[in-house]
Amino acid sequence: MTNVANAQPRSRFVPGQPDMWAFVLFEALVFTAYFIVYIIRRTQSPDLFLESQAHLDLRVGVFNTLVLLASSWSVARCVQAARERSLGAALTNAFLTMLFGFVFLVSKVLEWVTKIEEGFGFTTNEFFSFYYFLTAIHFLHLLIGFVVLAIGAYQLASPARRSQEIIETCATYWHTIDFLWVLIFALLYVMR
Amino acid sequence: MRTSATGALPDEPPGSLLRRIAWHWRYDPKRELWIAWWTMLVFYQLFGLLFFVVTRTQPPPQPWWEPTRVAQWFDEHLYGLLIGFAFVFIISGMTALMNALIAYSMRRMSVSRAFAYSYLVIYALSTLPGMLLLGIALTVGAMRPDRDPELIRWIYDFAFMTFDGTMGVFLVGSLVWMVAILLDENRVFPKWFAYLSLCNALTEVVVAPAWIFKSGVFAWNGAISYWLNVGVFVTYTTAFLTLLRRMILREDFGTGPLPELSTDEAPEPSGSVRAAR
């Protein structure tokens with residue numbers, strides 16, 4: 001654990017706890033398995049998946065992606081500010097990240113409500129089963145991300161408990177959520 | 001099997017395996033911990049053997065079968081179900097020792113005892129949906145083949161839905177263990193295992209669609225709801241069996257940080273060591 005106030009040039013191989021990178025690896029493997037199953041099922045029913053995919057609004061997917069990329073930018077600025085001991089700026093960026101995350105959550109819930117009102121539910125067909133499943137499991141990761149960001153903000157809020165390593169660990173988790181969303185976006189909204 | 005460097009024990013005698021086991025039984029202060037660990041190891045071997053080979057209930061059969069096909073399945077697996085679940089009921093008591101060892105690991109951490117007690121309660125409860133309800137329901141179906149096939153199919157649905165679709169208790173248990181490890185300052189477990197617990201908890205959410213779908217990747221025998229979850233669970237179980245063994249090797253019966261293992265896997269002497277007995 002490295003105190004921000006006593007930050008030394010570090011020779012660590014990865015930012016944050018190396019253990020969090022193990023989580024990134026585990027989650028990447030699990031999501032890769034989801035994606036492989038999705039692609040296999042898609043190749044077995046290409047017409048159904050293409051026809052169903054046309055009912056998704058690409059603009060919503062692009063908006064979601066831009067919002068999460070903006071959140072990754074703000075969390076990176078948070079880490080940078082913490083390294084430079086600009087703790088006020090770091091805290092502001094942590095809250096900005098939460099705001100972007102909240103915008104993503106609201107837009108995703110609105111998209112789900114719209115699709116359900118249009119008659120596309122979880123059991124409508126296999127494409128929509130995957131759509132709700134992948135977006136919901138990602139949504140759950142994002143909810144945990146708020147807890148993780150709150151831990152980071154708690155670290156930043158008091159000089160007595162500041163830990164650069166924990167802040168970087170929290171940022172790593174948030175970037176993982178963003179990374180997973182980009183893949184889900186590409187598979188569900190873009191891939192034809 | 002190694003012992004702690006307590007300094008008060010006679011040296012382990014050379015010679016036959018039986019002689020060394022007898023020595024450990026008499027002198028080893030970690031005797032109960034090793035018994036619990038070996039119980040856990042044996043339990044998981046038996047669990048796999050009984051569910052996958054003897055009863056043939058894993059991987060689960062098709063969720064969409066009609067009543068006559070379900071009745072035929074019970075008939076084809078009659079002796080496997082009766083003999084296999086008889087053994088499952090006998091070995092279910094082993095879970096008490098397993099849960100106790102995991103609770104012990106949390107008691108060894110620098111966290112509140114509430115974590116260990118919560119885990120014990122949650123996992124005592126989880127034995128029901130995780131093992132016993134399936135066994136009881138399928139044994140009832142196997143013992144009453146003369147009943148209405150619709151009733152038999154209801155029992156079949158009940159058995160596999162409770163077994164494959166109820167992971168909530170396991171999920172909460174994994175999270176309790178995860179938080180304890182993240183807060184612990186005694187380094188009982190590495191932090192990566194806490195994150196693996198989170199990963200395991202998140203994949204247990206994935207089984208929920210098994211309640212809705214009767215076929216496809218989200219059914220109770222589907223690629224995502226079943227096979228992926230099994231893969232993560234096997235990885236998780238292998239990890240905690242290995243780490244619990246390591247914890248016992250490192251145990252010094254102190255209250256501070258657990259000493260690291262030296263190259264011969266015996267713990268470094270620690271200032272917090274006290275006589276265990």
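**Exercise 1. Work out what share of chain A is buried, and describe how the chain is built.**

Solution. Start with burial: of the 192 residues in chain A of this predicted model, 36% are buried. Next, list the secondary structure. Chain A holds six helices and zero strands, and its elements read α-α-α-α-α-α from the N terminus. Then take the dimensions: the C-alpha trace spans about 60 × 30 × 20 Å along its principal axes. For the contacts, take pairs at least 6 apart in sequence; in chain A, 78% of these join residues at least 24 apart.

Finally, check the confidence. The pLDDT of chain A averages 90, and 93% of the residues score at least 70. Residues 1-9 of chain A are a stretch to handle with care, with pLDDT under 50 throughout. For that stretch the model has 18 contacts beyond four places in sequence.

**Exercise 2. Do the same bookkeeping for chain B: how many helices and strands does it have?**

Solution. Chain B has 10 helices and zero strands, so the pattern along the sequence is α-α-α-α-α-α-α-α-α-α. Its C-alpha trace covers about 70 × 40 × 30 Å along the principal axes. Of its 277 residues, 38% count as buried. Among the contacts of chain B between residues at least 6 apart in sequence, 67% join residues at least 24 apart.

**Exercise 3. Check the length of H1(A) against the expected span, then find what covers its buried residues.**

Solution. First, the length. H1(A) has 27 residues, which should span 39 Å at 1.5 Å a residue. The end C-alpha atoms of H1(A) lie 40 Å apart, so the two values agree.

Second, the buried positions. In H1(A) these are Met20(A), Phe23(A), Phe26(A), Glu27(A), Val30(A), Tyr34(A) and Tyr38(A). A helix rule helps in reading such a list: an α-helix has 3.6 residues a turn, so residues three or four places apart point the same way.

Third, the cover. It includes H5 and H6 of chain A, together with H9 and H10 (223-250) of chain B. Both chains therefore appear among the elements that cover H1(A).

**Exercise 4. Describe the side of chain A that touches chain B: which element gives the most residues?**

Solution. Begin with the totals: the contact takes 19 residues from chain A and 20 residues from chain B. On the chain A side, the elements that give two or more residues are helix H1 (18-44) and helix H5 (126-157). Of these, H1(A) gives the most, with 11 residues. Sorted by class, this side of chain A has 12 nonpolar, three polar and four charged residues.

Now zoom in on one residue of chain B. Cys199(B), leaving aside its neighbours within four places in sequence, is in contact with Phe23(A), Phe26(A), Glu27(A), Val30(A) and Val232(B). Cys199(B) also stands out in the largest nonpolar core: of the 110 residues there, Tyr119(B) and Cys199(B) touch the most other members. As background, nonpolar side chains tend to be buried together in soluble globular proteins.

**Exercise 5. Follow helix H4 of chain A from its length to its packing, and say what comes just after it.**

Solution. H4(A) covers residues 87-117, 31 in number, and reaches 45 Å from its first C-alpha to its last, close to the 45 Å expected at 1.5 Å a residue. Its buried residues include Ala90(A), Asn93(A), Ala94(A), Phe100(A), Phe104(A) and Lys115(A). The buried residues of H4(A) pack against H3 (58-83), H5 and H6 (164-190) of chain A. Just after H4(A), Gly119(A) takes a positive phi of about 95°.

**Exercise 6. Compare two residues of chain B: is Asp184(B) buried or exposed, and where does Phe47(B) sit?**

Solution. Asp184(B) lies in the loop between helix H8 (168-183) and helix H9 (191-205) of chain B. It has 21 other C-beta atoms within 10 Å, and the cut-off is 20 or more, so Asp184(B) is buried. Beyond four places in sequence, its contacts are Met109(B), Ser110(B) and Val111(B). Asp184(B) and Ser112(B) are 72 residues apart in sequence, yet 9.5 Å apart in space, C-alpha to C-alpha.

Phe47(B) belongs to helix H2 (residues 31-54) of chain B. With 19 other C-beta atoms within 10 Å, Phe47(B) is partly exposed. The C-alpha atoms of Phe47(B) and Pro145(B), 98 residues apart along the chain, are separated by 26 Å.

How values were computed:
Residues are numbered from 1 along each chain as its sequence is written. Chains are lettered from A and ligands numbered from 1 in the order in which they are written. This is a predicted model: local features need pLDDT of at least 70, side-chain atom pairs count only at pLDDT 80 or more; totals for chains, interfaces and linings use all residues. Helices (H or I, at least four residues) and strands (E, at least two) are DSSP runs, numbered from the N terminus. A residue is buried if 20 or more other C-beta atoms lie within 10 Å of its own, exposed if 12 or fewer, and partly exposed in between; C-beta atoms are placed from the backbone. Two residues are in contact if their C-beta atoms, placed from the backbone, lie within 7 Å. Ala, Val, Leu, Ile, Met, Phe, Trp, Tyr, Cys and Pro count as nonpolar, Asp, Glu, Lys and Arg as charged, and the others, Gly among them, as polar. A nonpolar core is a set of buried Ala, Val, Leu, Ile, Met, Phe, Trp, Tyr and Cys residues joined through C-beta atoms within 7 Å. The expected span of a helix is 1.5 Å times one less than its number of residues. pLDDT is the predictor's confidence in each residue, from 0 to 100.
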